[in-house]
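Open the model in your viewer and keep the selection panel handy. We will walk through it stop by stop.

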Amino acid sequence: MNHRTVRRSSRVGIAATLLALPIAAAIGQSGGGKSATDWASYGRDEGHARNSPLTEITPANVAQLQPAWTYHMRPAGTTGETIPMPDSVPQKFRTGFSASEATPVVVDGVMYLATPYRRVVALDAATGKELWVFPLPANDQPSTRGVAYWPGSKGIAPRVVFGGRAGKLYALDAKTGKPAAGFGTDGAITMKTPEVMNGTRAPLGMSGPPAIYRNLIITGSRVQEMPTKGAAGDVRAWDAATGKLVWTFHSIPQPGEANFGTWDGESWKGRSGVNAWTFVVVDDKRGIAYLPLGAPTFDRWGGDRKGKNLYGNSIVAVDAKTGKYLWHFQTVHHDIWDVDVPVATLVDLKRGGRTIPAIVVMNKMSIMFILDRVTGKPVFDVREVPVPTDTDVPGEQPWPTQPMPAKPAPLTRLSWNADEIVDGPPALRAACEKMVKDLTIVPSKMFQPLRADSSVNFFPGSLGGSDWGGGSFDPSTGLYVINLNQLASPQQLAQQPDGSWGMKRGYAYFSDPESGIPCHKGKAGELVAVSVATGEVAWRTTLGSNADPALKDVGVLSAGGPITTASGVTFIGGTRDAMFRAFETRTGKPLWTTTLPASSYSTPMTYRPRGGKQMVAVVATGGFAFQPATSDAVVAYSLP
């Protein structure tokens, strides 16, 4: 198949009107996204297994993949970033491109995509040809990681739904791209309602797509990291036809609700954080929604919120129809390290002759908990292990124990000693040694509390470990495949003018600022497979390549996640070396590598358009891990 490069029309610019542009081709509405050929949601299904039943691309032929088409997201004639950059941003990041972490959705031969250029588009999934464009009003920006597809109901046509940076929830007619009739006002509702804003004008938006359960749109939110008071991280469900609020789950229990009382005094009031900023997961068969919740604000200091701080850092199961609490499991008590729960995936595992419906849950520390998703009980024993509590920050009371599963063992390193600085090259080691001296970096143990007199070199740091990209579950092998980073964050606290405590120097990483190469010995990036039935690591492989031969086995940082297919192939981009890779799922053996227009910091997807061949598509813009955005490309691959 010849490679096609598709440019969008120059008819649309930043000042485009609310209404979508005319359609370039007819779009089908049948099927509701249940077909094996589709990729109907961010995780392919609402369980987020990211596994496709397609088998045309195999370990034997994957190396024959070649580009089929490329779509460029940046509108023709647009120059400069779509989001104004502060003066402090270095010139090298002012490239005229914007970064994307989006995974497209394909239903009935149509690809739906949120772009970083204030637009949502529909493409012919076979050719990349633009079908319609919806420019967001008032310079709003769609969710950076994608959109959701609602298949319609009772005479209402299918809809594309997504959140915006400004706190709106949008619904578009999937066929025309026009605002959905009857949904809120002109196809949008405001999520910044008084009950979640806590009397503030704090930011609230969405970084990920919503979840779909029957005729409900379930939304998490992106809220502030600090200060303490701000928008609540409550999870809500909205009627997919009208946009009316159906239920609200309070992510911090209120008086009279289950599990109220884990916050000292009234420290829960008006608190921000504790939000589902990644992906709500749904068991459609059982009608259960699973909410992966982050840390409370401020996430590095808890002197003003003593206690376990439920439901911070928890997976919470609720009735998807009503939002009623069912169970919770807290992965970290009283988080003072920013180790949210970004990973939740539904899996089925076989033990003792029976199949257990389970959920894989991971916090940023790459500690994997495998739970019975009906009861919330751990499949493998979990015990409370003593952790360090020493700190010189007045008033801080670190929790003395943290939960640790018997299996699997933590998948990345969680401590650092002073003699574990990278061996070379010499220039890298010198830069790292200077950083240790300049920042007063001290060793750390697992769950070491932060200090005011020095920088605790906390592993795995703000980028994880595991992060929002999550993993993929292959049911044929029972393997859960996930990419993991190993990078410390030197973190030091300083008292603020109002008496609270914050970061002394902001966010820092234990790496060379130019190359992004970590300053510690050992791996930087890996792809890891875990057997969910046994809790054992099945294989590990280095992920990513460095130009220096001395670092060829170290790997690189990654963002976004992998996908798997029924034919036994795992696909992943994610790395700063601008490569797209395929591995054999069963063994981790590398099968194929190709160069992208820029690094892909998103999760790929695969589908088969009507009458066509299986395709694999990936968004490749760069714009993460110390790199600027340098592309606007969406690339689809197929066999010749």
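Which strand gives the most to the lining of the second largest pocket? Keep in mind that this is a predicted model, then select strand 20, residues 343-351. Strand 20 is the answer, contributing 5 residues to that lining.

**Stop one: the second largest pocket**

Now add strand 12 (211-213) and strand 16 (281-283) to your selection; like strand 20, each supplies at least two lining residues. To centre the view, pick Asp45, Glu46, Gly47, Val282 and Asp284, which lie nearest the pocket's centre among its 38 lining residues. The volume here is about 910 Å³. Colour the lining by class and you should find 15 nonpolar, 10 polar and 13 charged residues.

**Stop two: the largest cavity**

Next, select Met206, Gly208, Gly220, Ala276 and Thr278. These residues lie nearest the centre of the largest cavity, which has 16 lining residues. Its volume is about 80 Å³, and the structure holds 8 cavities of 30 Å³ or more. The lining of the largest cavity divides into 9 nonpolar residues, 6 polar and 1 charged.

**Stop three: Arg145**

Keep Gly208 displayed, since Arg145 touches it. You will find Arg145 in the loop between strand 7 (130-135) and strand 8 (148-150). Is Arg145 buried or exposed? Its relative accessibility is 7%, so Arg145 counts as buried, the cut-off being under 20%. Show its surroundings next: the residues it touches include Tyr42, Trp277, Phe279 and Trp468. Glu101 is another of its contacts; although Glu101 and Arg145 are 44 residues apart along the chain, their C-alpha atoms are separated by 4.9 Å.

**Stop four: helix 2**

Finally, select residues 426-438, which form helix 2. Its 13 residues reach 18 Å from first C-alpha to last, close to the 18 Å expected at 1.5 Å a residue. Highlight Leu428, Cys432, Met435 and Val436, the buried residues of this helix. Why do they sit on the same side of helix 2? They do so because they cover an arc of only 100° around the axis. Add strand 25 (441-442), which is part of what covers these buried residues. Then turn to the other side of helix 2, where Pro426, Ala427, Lys434 and Lys437 are exposed. One last click: Thr440, which follows helix 2, has a positive phi near 50°.

Terms used:
Residues numbered from 1 in each chain as written. Predicted model: local features only at pLDDT ≥ 70, side-chain atom pairs only at ≥ 80, totals over all residues. Heavy atoms only, no water. Helix = DSSP H or I, 4+ residues; strand = E, 2+ residues; numbered from the N terminus. Expected span 1.5 Å × (residues − 1). Buried < 20%, exposed > 50% of the residue type's maximum accessible area, 1.4 Å probe, protein only. Arc of directions from axis to C-beta. Contact = heavy atoms within 4.5 Å. 1 Å grid on protein atoms, 1.4 Å probe; cavity = no way out; pocket = protein on both sides within 12 Å on 5 of 7 lines; lining within 4 Å. Points joined across faces, edges and corners; volume = space filled by probe spheres on them. Nonpolar A, V, L, I, M, F, W, Y, C, P; charged D, E, K, R; others polar. Lists of a residue's contacts leave out its neighbours within four places in sequence.
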